[in-house]
Amino acid sequence: MTASFHEMWEELRPVGRDSSSGGYRRYAWTGADADCRAWFQAQAQARGLHYELDRNGNQWAWLGATTYEDVAPGDAVVTGSHLDSVPDGGAFDGPLGVVSSFAALDELRGRGAEFAKPLAIVNFGDEEGARFGLACVGSRLAAGALTTEAAHRLRDGDGITLPQAMERAGYDPEALGPDPERLARIGAFVELHVEQGRALDLTGDPVGIASAIWPHGRWRFDFRGEANHAGTTRLEDRRDPMLTYAATVLAAREQARLAGALATFGKISVQPNGVNAIPSLVSGWLDSRAADQDTLDTVIDGIERAAAERAERDGIDLSVVRESFTPVVEFQHALRDELAAILGKTADRPVPVLGTGAGHDAGILSGTIPTAMLFVRNPTGVSHSPAETATEDDCIAGVTALADVLEGLACR
C-alpha cells in the first residue's frame, strides 16, 4: 500500500506545477486540468473500475457497479475529493484525498475485504473556483445549489464563459444541471483532506474527524473614483478609490480581530492599472468566515459600514455584491460518530473531532446526502501555498484510516 500511494503521488506531482513559483495552477477546463483528469481515468482503469463522467464533468470510478443506475437508492459508499488548485496552490489540497482514495482501495483489496456495497471514487470538478470565481462548481451543480442558468453566466478573467471553456475542453455544457438521481444512490460520502490549519499538529494526532464547516462567503467591493494623472493632480483634488480600498482592507482586519473571525481581501483588480495613473475603479474580493452565522453577519456589516463611511469621505461610489455564500455545515452526527467508533477500535485514544473554516465538496453535498470528512495533519498549518505539506507517514496514516472507514461502511 505504501508503494501504491508513493507511486501515484510521484506521478501526479509534476502535473500543473509552475517552475517559477513551485505552486500549482490546475485551473478548471485547462490543459493541466485535462492532464489530471486523464490521470484519474487511468488510475480507475488500472484497477478494473468502471469509469463514468457525469453531466457536470465530475469523474466517477465504480466498484460493484457499471454506472450509478446500477446502484440501489442509498446503497453506495463514495470517497474522493478534487484535483484542481488555487493559483500557485500546494500539492495536497484536494489531490491528497483522491490519491488516498485509490490507495485505500488497494489496501482493502490487500486485506481481502469483501464489499457488500458498491464503492465509488470521485473527482469533483472546479472545487477551488480559481478560474470562474465560484467554489465547488461541480458539486454545487450536482446538488442543485447552482442553477444551470447561473453556471452559464460564469466568466473567467478573459471573459470566457464556463460553457465555452467546457466545450473547448471537449465536454458538453448543455448537459449541466442537478443530478438528484445520482446523489440518491449515495448512502455515505467520506472526503479525506489535508488539514488547513494546525489543530492536529498541536494535539499530536495524525488524523482527525471534521465536526463542522464554518459559514463563509465571497463579496466583491467595487470602488469607483476618477482616473487622472498621477504626476499633475493635487492630492486634495483626487477621487482615488485605492485609498478607500486600502482603508477597507484595514477595517476588515480589525472587524475580524474583534469578532474572533477571519476576513481576507486576497484578490484585486485595478483600472486603468497604470503606474502613473490614479485608478478609476478598484475591485476587491473579500473572503470572510466565522464560527457561526451571527458573528459572520456582524463582521460583514462592520466592513461594509466602514467602507461606506470612507467612500463618502473620499468622494467614491461604492457597491458591494455577495458572489457566493455557504451557511454553517454540521456534518451528520450519526455518520461522524460511526467514523469515530470505527477509528477508535485501533486508536490509543479518541480521534480528535475538529471544526474548519475551509469549504469542501462534502460541505456542499451535506444538505443532500450523509457526508463526513477526515483530516490529515499539516505540520505547518500552511495551505493554498507551495509551502503546504504533510509527512508521508501521516499520509499513510490517513490512507489506513480511510481504508478502515470504508471497510466499516462498505464491507462485510
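Two strands count as paired if DSSP finds at least two bridges between them. All views below show a predicted model.

**View 1. Strands β7 and β11 are paired in the antiparallel sense.** Strand β7 covers residues 216-224 and strand β11 covers residues 281-289, with nine bridges between the two. One bridge partner to look for is Val282 of β11, which pairs with Phe223. As a general point, the strands of a sheet pair through backbone hydrogen bonds, either parallel or antiparallel.

**View 2. Four strands form an open antiparallel sheet.** The strand order is β9-β11-β7-β12. The edge positions are held by β9 (262-271) and β12 (317-326). Each edge strand has a single partner, so one side of each has no neighbour in the sheet. On average, and ignoring direction, neighbouring strands are turned by 20° against each other.

**View 3. Helices α9 and α10 in relation to the four-stranded sheet.** Helix α9 (residues 241-259) lies across β7, β9 and β11. The direction of α9 makes an angle of about 170° with β9. Helix α10 (residues 293-314) packs on the sheet, where it touches β7, β9, β11 and β12. Between the directions of α10 and β7 the angle is about 5°.

**View 4. Strand β5 pairs in parallel with β3 and with β15.** Of the nine residues of β5 (residues 186-194), eight are buried, so the strand is largely enclosed by the rest of the structure. Strand β3 (residues 76-81) is joined to β5 by four bridges, and Ala76 stands opposite Ile186 of β5. Strand β15 (residues 371-376) is joined to β5 by six bridges. Within that pairing, Glu191 has Met373 of β15 as its bridge partner.

**View 5. Gly363 sits in helix α12.** Helix α12 spans residues 361-365. Gly363 has a relative accessibility of 8% and therefore counts as buried, the cut-off being under 20%. Leaving aside residues up to four places away in sequence, Gly363 touches Ile213, Val329 and Phe331. Met373 lies ten residues from Gly363 along the chain, and their C-alpha atoms are separated by 9.1 Å. Met373 is also the bridge partner of Glu191 shown in View 4.

**View 6. The second largest pocket has a volume of about 270 Å³.** Its lining consists of 15 residues, and those closest to the pocket centre are Pro206, Val207, Leu343, Ala347 and Val351. Helix α13 (residues 392-410) gives the most to this lining, namely four residues. By class, the lining of the second largest pocket holds nine nonpolar, two polar and four charged residues.

**View 7. The largest cavity encloses about 50 Å³ of space.** The structure holds three cavities of 30 Å³ or more. The lining of the largest cavity is made up of Trp29, Asn56, Gly125, Asp126, Val137, Gly138, Leu141, Leu162, Met166 and Leu176. Helices α4 (137-143) and α6 (162-168) each supply at least two lining residues. The largest share comes from α4, with three residues. Six residues of this lining are nonpolar, three are polar and one is charged.

Conventions:
Residues numbered from 1 in each chain as written. Predicted model: local features only at pLDDT ≥ 70, side-chain atom pairs only at ≥ 80, totals over all residues. Heavy atoms only, no water. 1 Å grid on protein atoms, 1.4 Å probe; cavity = no way out; pocket = protein on both sides within 12 Å on 5 of 7 lines; lining within 4 Å. Points joined across faces, edges and corners; volume = space filled by probe spheres on them. Nonpolar A, V, L, I, M, F, W, Y, C, P; charged D, E, K, R; others polar. Axes fitted to C-alpha atoms, helices over the stretch in contact; angles between N-to-C directions. Contact = heavy atoms within 4.5 Å. Buried < 20%, exposed > 50% of the residue type's maximum accessible area, 1.4 Å probe, protein only.
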